[in-house]
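Visitor: Could you take me through one part of this model at close range? I would like to see how a single helix sits among its neighbours.

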Amino acid sequence: MAHQRRLSMTADAAKVYPRDRDRISGSEAYVVMHFARQNGITPAQVHELIKRCGSNRGKLVAAAKELRSSLGHSGNAQIPRSDQNRNLS
């Protein structure tokens, strides 16, 4: 009987559940905070954009850029430090 090489569970899981880097998870506070900082908006605004546009990263970046321009912000605005410790759920 020929020996078959078995893949480890990790390798199998990687094939079945590939990481989807072009999506934003609104349920992960650190992901929301990182996206908010990258795009110069607040975490609350990120959640609103996810509700409105879905979780596609490209669409969210475009919507965040549009939001910043409609609010008159230029460049990457920094989120005040006091917002970091708020409960984002």
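Guide: Gladly; here is a close look at helix H3 and what surrounds it. This is a predicted model, in which local features need pLDDT of at least 70, side-chain atom pairs count only at pLDDT 80 or more, and totals for chains, interfaces and linings use all residues. Residues are numbered from 1 along each chain as its sequence is written, and side-chain values use heavy atoms, with hydrogens and water left out.

Helix H3 covers residues 43–53; helices here are DSSP runs (H or I, at least four residues), numbered from the N terminus. Its buried residues (under 20% relative accessible area, 1.4 Å probe, protein chains only) are Pro43, Val46, Leu49 and Ile50. Viewed down the axis of H3, they fall within an arc of 110°, so they line one face of the helix; that arc is taken from the directions from the helix axis to the C-beta atoms. Lys51 and Arg52, on the other side of H3, are exposed, meaning over 50% on that scale.

The buried residues of H3 pack against helix H2 (29–39) and helix H4 (57–71). Contact means heavy atoms within 4.5 Å. Take valine 46: leaving aside neighbours within four places in sequence, this residue is in contact with Val32, Phe35, Ala36 and Ile41.

Finally, look just past the end of the helix: glycine 54, just after H3, takes a positive phi of about 90°.

How values were computed
Helices (H or I, at least four residues) and strands (E, at least two) are DSSP runs, numbered from the N terminus.
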